[in-house]
Amino acid sequence: MFKSVLILLKYIMGTIISLALLIIILGYLFISLSPQFGGSPTKEDKAEYGKLSYYEEGKFSNLISTDMSMDFVKGLKLLPEFFRDAPERKPDFEIPVNEVDSLDLVMASAKDRLVWFGHSAFLLQLDGKNILIDPMLGKVPSPIPILGNPRYSEQLPIEIEQLPEIDLIIISHDHYDHLDYGSISKLKEKTKKYFVPLGVGAHFKKWGIPDEKIHEFEWWEEKDFEQIEFIFAPARHFSGRGIGDRFATLWGSWIIQNKTRKLYFSGDGGYGPHFKEIGDKYGPFDFAMLECGQYNERWKDIHMSPEETAMAGLDLEAKVGMPIHWGAFTLALHSWTDPVVRVSKKAEELGLPLSIPEIGEFIYLDNIDTRNNPWWEN
């Protein structure tokens, strides 16, 4: 009897170990063979990065101490909270999405303007150039769609296929809600150039983008493109698309300026002294697109609270700010309207004008509307 039980236990243990190994092997093959995970910097790339003060032992780092204790295990423990039915975390009505006419986008007389796609994605039309900023235009910001929360709206203001030729795509970092393989694949035949952080070029090369179209930036690097200047500035965040590649590529924010106006795009990141430094070096800004959403006390160092978003606007000397990183996806535990409600209150207290357009609504840079119809209140 005892011998039979022992044999059964060995069989059960063997089966469990075999299943675990099978899952590990399948996971490894999925990450290795699925294109959405992108590529990795070469040894030569890493040797060049090693000359920077913020790169050591194969990893980039933030300029100030940043709590990154939300590891994989802690993330797994939070999963039940994310999947718990919480209606307030997404709209219970069809949010307004303005349709953009493809012909309107190619008008030679078009003024400098932006179109917000929700979250952190924009089309910027500046000096007659079409510039896409963090164009995550897919339905789910995840390499495994069934594990991600889908976009609130079924439709985009304009589908990728209807967009005009794109002169430049700029990327703040390689997280899935900012860099989407599907979107880049659909855009690559109509895109001339890509400005990306150090290391992120490896993803684009893996996806078939020619080397000569890609320029990688370190922090504070400046580059002219068609008489528009782009500066890649620090942010307090991190990077990574797969297992074991956290900090393998750089992250940051963008300053975009021509002869008449200055724009700022924060990408993602926690509050810190870098905003004041950027404001002192390059401000004041006519318009600042500022992260405001997907925050939590557990990861407060890498995502700003709405109150900090307003404070960052002041540090940057922004004439008008716009809360971004909300309005499209649920990636945190707060209600979907919490960012806009709280940042509006704090911005009014601090005297920072805000522009909060509907998705797809044109933001004309000559006359930025700050009257703000509260469309999120249905």
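This passage describes the fold, the strand pairing, the aromatic contacts and the unusual backbone sites of one protein model.

The model is predicted. The protein has 378 residues, of which 53% count as buried. Its secondary structure comes to nine helices and 15 strands. Contacts often span long stretches of sequence. Among those between residues at least 6 apart, 71% join residues at least 24 apart. The exposed area of the protein is about 18,300 Å². Carbon and sulfur atoms supply 56% of that area.

Strand 3 covers residues 113-116. Two partners were found for this strand. Strand 4, residues 122-126, pairs with strand 3 over four bridges in the antiparallel sense. Strand 15, residues 362-364, also runs antiparallel to strand 3, and three bridges join the two. Individual residues can be placed in this arrangement. W116 stands opposite F122 in strand 4. R113 stands opposite Y364 in strand 15. The hairpin of strand 3 and strand 4 has five residues between the strands. Within this hairpin, G118 takes a positive phi near 90 degrees.

The side chains of strand 3 fall into two sets. In a regular strand, side chains alternate between the two faces of the sheet. R113 and V115 point one way, while L114 and W116 point the other way. All four are buried. R113 has a further contact to report. Its charge lies over the face of F362, at 4.0 Å from the ring centre. A second arginine is placed in a similar manner: R241 lies over the face of Y176, at 4.1 Å from the ring centre.

Aromatic rings also pair with one another. A pair of aromatic rings is described by the distance of the centres and the angle of the planes. The count comes to 34 aromatic pairs. One of them is formed by Y264 and F275. This pair is edge-to-face, with 6.5 Å centre to centre and 75 degrees between the planes. Y264 lies in strand 12, residues 262-265, and F275 lies in helix 7, residues 274-282, so the pair ties together parts that are 11 residues apart in sequence. Both rings belong to buried residues. Y264 has a relative accessibility of 1%, and F275 has a relative accessible area of 2%. Elsewhere, ring pairs link several residues into a cluster. Its members are Y49, Y54, Y55, F60, W219, F238, F247 and W251.

Helix 7 has other buried residues besides F275. The set comprises H274, F275, I278, G279 and Y282. These residues cover an arc of only 140 degrees around the axis, which puts them on the same side of helix 7. Their packing partners are four strands and a helix. The strands are strand 9 (221-225), strand 10 (228-233), strand 11 (253-257) and strand 12. The helix is helix 8 (306-315).

The loop that follows helix 7 holds a departure from the usual backbone. Most residues other than glycine have a negative phi, and most peptide bonds are trans. The peptide bond from G283 to P284 is cis, with omega near -5 degrees. P284 is found in the loop between helix 7 and strand 13 (287-291).

Two residues other than glycine take a positive phi. D134 has a phi near 40 degrees. Its place is in the loop between strand 5 and strand 6. D134 is buried, with a relative accessible area of 0%. H325 has a phi near 70 degrees. This residue is found in the loop between strand 14 (321-324) and helix 9 (338-350). H325 is buried as well, with a relative accessible area of 1%.

The loop between strand 5 (129-133) and strand 6 (168-170) also contains S153. At 10% relative accessibility, S153 counts as buried, because the cut-off for burial is under 20%. Leaving aside residues up to four places away in sequence, S153 touches I95 and V97. F329 is 176 residues from S153 along the chain. The C-alpha atoms of the two are separated by 9.3 Å.

Terms used: Residues numbered from 1 in each chain as written. Predicted model: local features only at pLDDT ≥ 70, side-chain atom pairs only at ≥ 80, totals over all residues. Heavy atoms only, no water. Phe/Tyr/Trp six-rings, centres within 6.5 Å; stacked < 30°, edge-to-face > 60°. Buried < 20%, exposed > 50% of the residue type's maximum accessible area, 1.4 Å probe, protein only. Lys NZ or Arg CZ within 6 Å of the ring centre and 35° of its normal. Pairing = 2+ DSSP bridges. Arc of directions from axis to C-beta. Contact = heavy atoms within 4.5 Å. Areas by Shrake-Rupley, 256 points an atom, 1.4 Å probe, with all protein chains shown as cover.
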